[in-house]
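Reader: I would like a close look at one part of this model. Please take the strands that pair up, and then place them in the whole chain.

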Amino acid sequence: MWQEQLLAWYNQEKRDLPWRRNIDPYHVWISEIMLQQTRVEAVIDYYHRWLAHFPSIEALANADEMEVLKCWEGLGYYNRARNIHKSAKYCVNHYNGELPKSYEELLELPGIGSYTAAAISSICHNEKQSAVDGNVLRVYSRLFMLDEDISKQKTKDYVKKQLDTLIPDASGDFNQAMMELGACVCIGNGASRCNICPISDACLSYQKGKIYEYPVKGKKKERRIEHRNVYIVKCNSRYLIRKRDSKGLLANLYEFYNEVGNDWISGQNIISNEYAQSYVHVFSHIEWHMQVYVVELQHPCDGLWVSKEELSMYPIASAFDSCRQYVI
Ligand code: SF4
């Protein structure tokens, strides 16, 4: 059976990752959310820092949102951090500061979808729920030559249903083994290492020499491009920043002044305005093409002015990382 071969391989070869050392539902939850769309190597530092700051769900629930966003700063997709925070409060109010155990109860928490609920309930409580992420979809598609578009929700639902019938009793290890295989062996973009794959005997696309035809993916939507001017505004060794809206893209994070036109700058008492650099910041659905200017004002205008030291206390959206070098 390919499931047994996969489990045997996983037990031998699995990477030694901090959240695998001591299975704690809170730790597994944080690592699973951090790992979505982020590489393992990048997550490890954030993971340790997070647990040092918020050692328990209760500590997290009692924290201020700004502290939570600051700890997430640089990981992107900040809604993930906001939802973890909301869920922690929910757990304190409804589950005595613990995460609920079952897949169905976990699904009720903000930011926990089918994948995360299945990962936590299987890894921590051995519930037989398959966790289907991008890695697992790729492995499954190749293993069974699935001719459906894996970006569609109905395909993801179908794969979960099929894997739920195939998952062995060691469900947590099986889910992690599928993800590990997808991350380290059955890699995307033409880099698959089928020669060392523990389940190549069972893999239909490998047996038929068609692995590069899978997974089937529909065309991605094109990203909208926005040209923005960014102003690093200084006056008397202080810098002007602002908080973004509480709704929408990068909600509640801080940023340097920026806009699509140049209305803001034209109303200011400027001493100097120098072009500094251009760069592109890519979100999933939009690209910001940034033109950065360093602007010095004669008198401070209304707004939040901070020193270089104070700036480091605010959660600044990572779209503005390149601008920090001009704060000197
Ligand atoms: S044989 Fe190749 S394509 Fe098939 S599951 Fe293994 S790595 Fe993926």
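Author: Here is the strand pairing, followed by its setting in the chain.

This is a predicted model, where local features need pLDDT of at least 70, side-chain atom pairs count only at pLDDT 80 or more, and totals for chains, interfaces and linings use all residues. Residues are numbered from 1 along each chain as its sequence is written, and side-chain values use heavy atoms, with hydrogens and water left out.

Start with strand E5, residues 286–297. Helices (H or I, at least four residues) and strands (E, at least two) are DSSP runs, numbered from the N terminus. Two strands pair if DSSP finds at least two bridges between them. E5 pairs with strand E1, residues 224–235, in the parallel sense. That pairing runs over 11 bridges. One point on it is Val233, whose bridge partner in E5 is Val295.

E5 also pairs with strand E4, residues 270–282. Here the strands run antiparallel, joined by 11 bridges. Gln277 has Val292 of E5 as its bridge partner. A hairpin of three residues leads from E4 to E5. In a regular strand, side chains alternate between the two faces of the sheet.

Now the wider chain. It has 15 helices and six strands. Domain 1 covers 2–213 and domain 2 covers 224–326; these bounds come from an automatic or database domain assignment. The C-alpha centres of the two domains lie 35 Å apart. Eight residues from domain 1 and 13 residues from domain 2 take part in the contact. Contact means heavy atoms within 4.5 Å.

Contacts also show how the chain folds back on itself. Among those with a separation of 6 or more, 67% join residues 24 or more positions apart. Of the 328 residues, 50% count as buried. Buried means under 20% relative accessible area, exposed over 50%, and partly exposed in between (1.4 Å probe, protein chains only). The C-alpha atoms fill a box of roughly 75 × 50 × 30 Å, taken along the principal axes.

Finally, one loop for comparison. Asp133 sits between helix H9 (114–125) and helix H10 (134–144). Leaving aside neighbours within four places in sequence, Asp133 is in contact with Tyr115 and Met179. Tyr115 is 18 residues from Asp133 along the chain, and their C-alpha atoms are separated by 6.4 Å.
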